[in-house]
Amino acid sequence: MALVGVALVLLVGALARISGSGGGKESPAHFLLQGKVECRFLNGTQRVRYLYRYFYDRQEIVRFDSDRGEFEALTEFGKVTADAWNRDKFILQDAKAAVDYFCRNNYGVFQRGRVIGRRAKPTVTISPTKMDPTSPNTILLCIMTGFYPVEIEVQWLKNGQPEKEGVAFGEELQNGDWTYQLQVMLETQPQRGDIYTCKVEHASLEAPITVQWERRSSRSARAKIWTGIMGAVIGVAFLAVGLFSYLKAKKAIPIQPPAALVN
C-alpha cells in the first residue's frame, strides 16, 4: 500500500524534528514505531469503517478514521504529523480510498476463502485443582478450546445462580488453525451438595453449552461408606457360613470310647 511507505517516512521525519527541538535533546537511538490497520464491517460491506492508527513507543499519537475523513492528533506529540498528512492531498485521498480498495476488497477475498461466516464449536471441560492443600478454596477452570470466531460468552453458576466473586477471565489464545482457546477461573469453597456450572454461549451454537461439576470428595466419602458397609455384610455372611460348616462337621464325628473300656 503506497500510503504506508510515504506515511512512515513523513512520520519518522516529524518525530526527529520534534525530539530534536526539545531543548537540545537528541533523538533516542532506538524507538518503536507501529502502524495498525483496522477494517470494521456492519452487515457485510453495507457499512465499512477504516482505521489507520500510528503508535510511537506503544502510545497512539495519530489516527485516520474514515468516518471522520482526516488524520487526527491524539497527543501533542502527533500534532505536527497529523497536520502534515492532512495537507498532503495524495496521502489524504489514499486514506479515504482505502475503505474500498483495502477493506471491501479484502472482505471479498476472505469471503471466497470461507473465512467470513466460518463457525467452529467450542469443546468445554471443567478442571478442578487446589493451589494450597491446607486452604478450603478450590480453583475451578472452565476450559474452552477449538472455537471460532473469537467472541464468546462464559458464565459461572453455583446451584443455578450466577457467580461473580472469585471469577477471573484469561486471554483468548490463538491455536494457529483459525481457532481459539480460553480459560475462565472460579475460586470458591465448595460445600457438600453444591453444583457448579460453566455456561458457554457462542455464535456456532444453537443453544448454550453447560458443563457441571460437583465436589468429588462428598461422592468419594459416600462411596467409601457404602464400600465399608458392604464389606462388613459380606464378612458377617462368610463368618456365618464358616461357623455353620464347622459345627456341622463337628457333629458328624462319632465319639470313640477309650481303648481300656473296650477290652
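## Overall make-up

Of the 263 residues in the protein chain, 27% are buried, and the secondary structure of this predicted model comes to 5 helices and 13 strands. The accessible surface of the protein chain is about 17,600 Å², and carbon and sulfur atoms account for 55% of that area. When contacts between residues at least 6 apart in sequence are considered, 50% of them join residues at least 24 apart.

## Confidence

The average pLDDT of the protein chain is 80, with 69% of the residues scoring at least 70. Over residues 1–24, however, pLDDT stays under 50, and for this stretch the model has 39 contacts beyond four places in sequence.

## Nonpolar cores

In soluble globular proteins, nonpolar side chains tend to be buried together. Here the largest nonpolar core has 20 residues, and those with the most contacts inside it are Cys142, Met144, Val154, Trp156, Cys198 and Val200. At least two residues of this core come from each of strand 5 (123–129), strand 6 (138–147), strand 7 (152–158), strand 11 (180–188), strand 12 (195–202) and strand 13 (209–214).

Cysteine 198 may serve as an example: once its neighbours within four places in sequence are left aside, cysteine 198 is in contact with Val124, Ile126, Cys142, Val154, Gln155, Trp156, Ile209, Thr210 and Val211. A second core, separate from that one, has 17 residues, including Val62, Phe64, Ala95 and Ala98.

## Aromatic pairs and cluster

Across the whole structure, a search finds 13 aromatic pairs. In one of them, tyrosine 52 and tyrosine 54 have ring centres 4.8 Å apart and planes at 40°, and the pair is therefore tilted, since the tilted class covers plane angles that are neither under 30 degrees nor over 60. Tyrosine 52 is buried, with a relative accessible area of 2%, and tyrosine 54 also counts as buried, at 1% relative accessibility.

Tyrosine 54 forms a further tilted pair with tryptophan 85, at 4.5 Å centre to centre and with 55° between the planes. Because tyrosine 54 lies in strand 2 (residues 47–56) and tryptophan 85 in helix 2 (residues 79–87), this pair ties together parts that are 31 residues apart in sequence; both tyrosine 54 and tryptophan 85 are buried. One aromatic cluster is formed by Tyr50, Tyr52, Tyr54, Phe64, Phe71, Trp85 and Phe102, and Phe64 is also listed in the second nonpolar core.

## A charge over a ring

Lysine 36 has its charged end over the ring of phenylalanine 55, at 5.1 Å from the centre of that ring.

How values were computed. Residues numbered from 1 in each chain as written. Heavy atoms only, no water. pLDDT = per-residue confidence, 0-100. Contact = heavy atoms within 4.5 Å. Core = buried A, V, L, I, M, F, W, Y, C linked by side-chain atoms within 4.5 Å. Buried < 20%, exposed > 50% of the residue type's maximum accessible area, 1.4 Å probe, protein only. Helix = DSSP H or I, 4+ residues; strand = E, 2+ residues; numbered from the N terminus. Areas by Shrake-Rupley, 256 points an atom, 1.4 Å probe, with all protein chains shown as cover. Phe/Tyr/Trp six-rings, centres within 6.5 Å; stacked < 30°, edge-to-face > 60°. Lys NZ or Arg CZ within 6 Å of the ring centre and 35° of its normal.
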